[in-house]
Amino acid sequence: MPSTQRSSQSPSPARRREILETAARVFAEQGYNATTVRKIADEAGLLAGSLYYHFDSKESMLEEILSGFLDELWAGYDEVLAAQLDPKDTLAALVTESFREIDRHRDAVAIYQKEARQLAVQPRFAFLAESQRRFEQVWLETLERGVSAHAFRADLDLRLAYRFLRDTVWVAASWYRPGGGHSPEQIARQYLSMVLDGIAVPG
């Protein structure tokens, strides 16, 4: 049986990751407000008191889950932007990176979709609003470049196109299962084919 007594050694980084993965799954399944520390501890095979040896609150766990996901997302996006690809290739690379992040952080993406709006007004989670602002800017600028370069249609409603791309990419977290029959890159290619070429056979 796990002990609630603190040892003289620091918590194992691997164990912390395991607990965060468990917390992310429970938050995604049950919702943040409905999830208790005891529930997370039970799922992680710990006594509730032992969980505080690793994290001081469930808010700390949530903050680390979301910031870790967003830090990795932006590392990938920044690499794409630094490559200075043409607009169409930039769009394709952003979509592909997004699906990779869904593969790596499916539960965090689900939490973000469900909870970000209400969390972003709290000072502790202000980074969510900043990330959303930056996300919108990157995608709109890519679409604008594409229109200017005649890679995308001149009559494109940029904000509507952005919302369509955003929602149809990230909703994949609701059905995507890591290790399934298609890799993130395969899904991204199919998605891009439908977005850029349509689904109807040319007449």
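These legends accompany several views of a predicted model.

**View 1. The protein chain as a whole, with 9 helices and 0 strands.** Read along the sequence, the elements of the protein chain follow the pattern α-α-α-α-α-α-α-α-α. Along the principal axes, the C-alpha atoms fill a box of roughly 70 × 40 × 30 Å. The protein chain has 203 residues, and buried residues make up 39% of them. Taking contacts between residues at least 6 apart in sequence, 71% join residues at least 24 apart.

**View 2. The surface and charges of the protein chain.** The accessible surface amounts to about 11600 Å². Carbon and sulfur atoms account for 51% of this surface. The protein chain carries 24 positive and 29 negative charges, and the mean positions of the two sets lie 4 Å apart.

**View 3. The largest nonpolar core, with 59 residues.** The residues with the most contacts inside this core are F27, M61, V95, F99, I102, W139 and W170. Helix 4 gives the most to the core, with 10 residues. Two of the residues named here, F27 and W139, return in later views: F27 is found in helix 1, and W139 is one of the buried residues of helix 7.

**View 4. Surroundings of F27 in helix 1 (residues 13-30).** F27 has a relative accessibility of 1% and therefore counts as buried, the cut-off being under 20%. Leaving aside neighbours within four places in sequence, F27 is in contact with Y32, T35, I40, K58, M61, L62, I65 and I111. Among these partners, M61 is, like F27, one of the residues with the most contacts inside the largest nonpolar core. F27 and A108 are 81 residues apart in sequence, while their C-alpha atoms are 8.7 Å apart in space.

**View 5. T35 in the loop between helix 1 and helix 2 (37-44).** T35 is buried, because its relative accessible area is 1% and the cut-off is under 20%. Not counting residues up to four places away in sequence, T35 touches V26, F27, Q30, I40 and K58. Of these, I40 and K58 are also in contact with F27.

**View 6. T22 in helix 1.** T22 is buried, with a relative accessible area of 12%. Residues up to four places away in sequence aside, T22 touches I40, E43 and A44. I40 is also touched by F27 and by T35.

**View 7. Helix 7 (residues 126-148) and its end-to-end span.** Helix 7 has 23 residues, so at 1.5 Å a residue the helix should span 33 Å. The C-alpha atoms at its ends are 33 Å apart, which agrees with that expectation. Just after helix 7, H150 takes a positive phi of about 65°.

**View 8. The buried residues of helix 7 and what covers them.** The buried residues of helix 7 are L128, S131, F135, V138, W139, L140, T142, L143 and G146. An α-helix has 3.6 residues a turn, so residues three or four places apart point the same way. The cover over the buried residues of helix 7 includes helix 4 (58-82), helix 5 (87-104), helix 6 (106-119) and helix 8 (158-170). Helix 4 is also the element that gives the most to the largest nonpolar core. Within that core, W139 is among the residues with the most contacts.

Technical notes:
Residues numbered from 1 in each chain as written. Predicted model: local features only at pLDDT ≥ 70, side-chain atom pairs only at ≥ 80, totals over all residues. Heavy atoms only, no water. Helix = DSSP H or I, 4+ residues; strand = E, 2+ residues; numbered from the N terminus. Buried < 20%, exposed > 50% of the residue type's maximum accessible area, 1.4 Å probe, protein only. Contact = heavy atoms within 4.5 Å. Expected span 1.5 Å × (residues − 1). Core = buried A, V, L, I, M, F, W, Y, C linked by side-chain atoms within 4.5 Å. Areas by Shrake-Rupley, 256 points an atom, 1.4 Å probe, with all protein chains shown as cover. Lys, Arg positive; Asp, Glu negative; His and termini not counted. Charge placed at Lys NZ, Arg CZ, Asp CG, Glu CD.
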